[in-house]
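This report describes a predicted model. It takes up ring contacts, strand pairing and the main pocket in turn.

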Amino acid sequence: KNYVAGRVSSDNRYVFSNDDSKRIMPGETLVMANLEGPGMVTHIWVTVADNEYAWPRLLRLRAYYDGEKTPSVDAPLGDFFGVGHGYERDLNSMMIRDSSFGRARNSYWPMPYRKSCRITVTNEGNRYVLSYYFHVDYRQYATLPAGLGYFHAYYRQERPAVAGRNYAFLNIRGKGHYVGTVLN
């Protein structure tokens, strides 16, 4: 293999504690990963114990590549993992696997970066998150191929929908591959 594998997680470095979760206060942003490149995130696993209604829509997942100020990934946690409306549901696809009634969420989207990758989650709800567990698996490379694109994911909502007008869910220019839309 031409890479070094790594993982960052919500682990507790205090060996006598079994609490490997993080707590996120309302308005607080937790940095899940702050990686140096070149590299590629290969897997994100998240499970959450929260008691606020529709909490999967109230936690905002963002990923920033190469020191950019604008996130390349910006979506509610539940929607990023393929399930909308703040629901907890199972989902099984090639790139996303949610199990245990939607409480164990896995993303296998390759997320390459040339210099750095910062992944955060922000609690946009009114209650603190009781337990937030995560793993971010990644690979460090000496170099990445020149034409390798970046992974982007965005959340859009129109409420209420405007009758008689088409809803534009994507309006971009540039090179790349469009792989799909999760519509809820």
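## Charges over rings

R139 lies over the face of Y3, at a distance of 4.2 Å from the ring centre. A second arrangement of this kind involves R118, whose charged end sits over the ring of Y64, 4.3 Å from the centre of that ring. The residues of the first contact fall in paired strands, since Y3 belongs to the range of strand β1 (residues 3-9) and R139 to that of strand β12 (residues 129-141), and these strands pair in the antiparallel sense. For the second contact, Y64 lies within the range of strand β5 (residues 59-65) and R118 within that of strand β11 (residues 116-123), which are joined to one another and run antiparallel.

## Strands that pair with β12

Strand β12 (residues 129-141) pairs with strand β1 (residues 3-9) over seven bridges, in the antiparallel sense, and within this pairing the bridge partner of S9 is H135 of β12. Strand β2 (residues 22-24) also pairs with β12 in the antiparallel sense, here over two bridges, and I24 stands opposite V129 in β12.

Strand β4 (residues 39-49) is a further antiparallel partner of β12, and the pairing between them extends over 10 bridges. In this pairing V41 stands opposite Y138 of β12. As a general matter, strands of a sheet pair through backbone hydrogen bonds, in either a parallel or an antiparallel manner.

## The five-stranded open sheet

Five strands form an open sheet in the order β3-β11-β5-β6-β13, and the pairing within this sheet is mixed. Its edge strands are β3 (29-36) and β13, each of which pairs on one side only. Between strand β5 (residues 59-65) and strand β11 (residues 116-123) there are seven bridges, and the two strands run antiparallel; R60 stands opposite T122 in β11.

Is L35, a residue of strand β3, buried or exposed? L35 has a relative accessibility of 4% and therefore counts as buried, the cut-off for this class being under 20%. From C-alpha to C-alpha, L35 and S131 are 23 Å apart in space, while in sequence they are 96 residues apart.

## Aromatic pairs

The count of aromatic pairs in the model comes to six. In the pair formed by F80 and F151, the ring centres are 6.3 Å apart and the planes stand at 90°, so the pair is edge-to-face. Because F80 lies in helix α2 (residues 77-80) and F151 in the loop between β12 and β13 (153-154), this pair ties together parts that are 71 residues apart in sequence.

Both F80 and F151 are buried. Ring pairs also link these two residues with F81 and W109, so that F80, F81, W109 and F151 form a cluster.

## The largest pocket

The largest pocket has a volume of about 2000 Å³. It is lined by 47 residues, of which H152, A153, Y154, Y178 and G180 are the closest to its centre. The elements that give two or more residues to this lining are α2 and β13; α2 is the helix that holds F80, and β13 is one of the edge strands of the open sheet.

By residue class, the lining of the largest pocket divides into 25 nonpolar, 14 polar and eight charged residues.

How values were computed
Residues numbered from 1 in each chain as written. Predicted model: local features only at pLDDT ≥ 70, side-chain atom pairs only at ≥ 80, totals over all residues. Heavy atoms only, no water. Pairing = 2+ DSSP bridges. Helix = DSSP H or I, 4+ residues; strand = E, 2+ residues; numbered from the N terminus. Phe/Tyr/Trp six-rings, centres within 6.5 Å; stacked < 30°, edge-to-face > 60°. Buried < 20%, exposed > 50% of the residue type's maximum accessible area, 1.4 Å probe, protein only. Lys NZ or Arg CZ within 6 Å of the ring centre and 35° of its normal. 1 Å grid on protein atoms, 1.4 Å probe; cavity = no way out; pocket = protein on both sides within 12 Å on 5 of 7 lines; lining within 4 Å. Points joined across faces, edges and corners; volume = space filled by probe spheres on them. Nonpolar A, V, L, I, M, F, W, Y, C, P; charged D, E, K, R; others polar.
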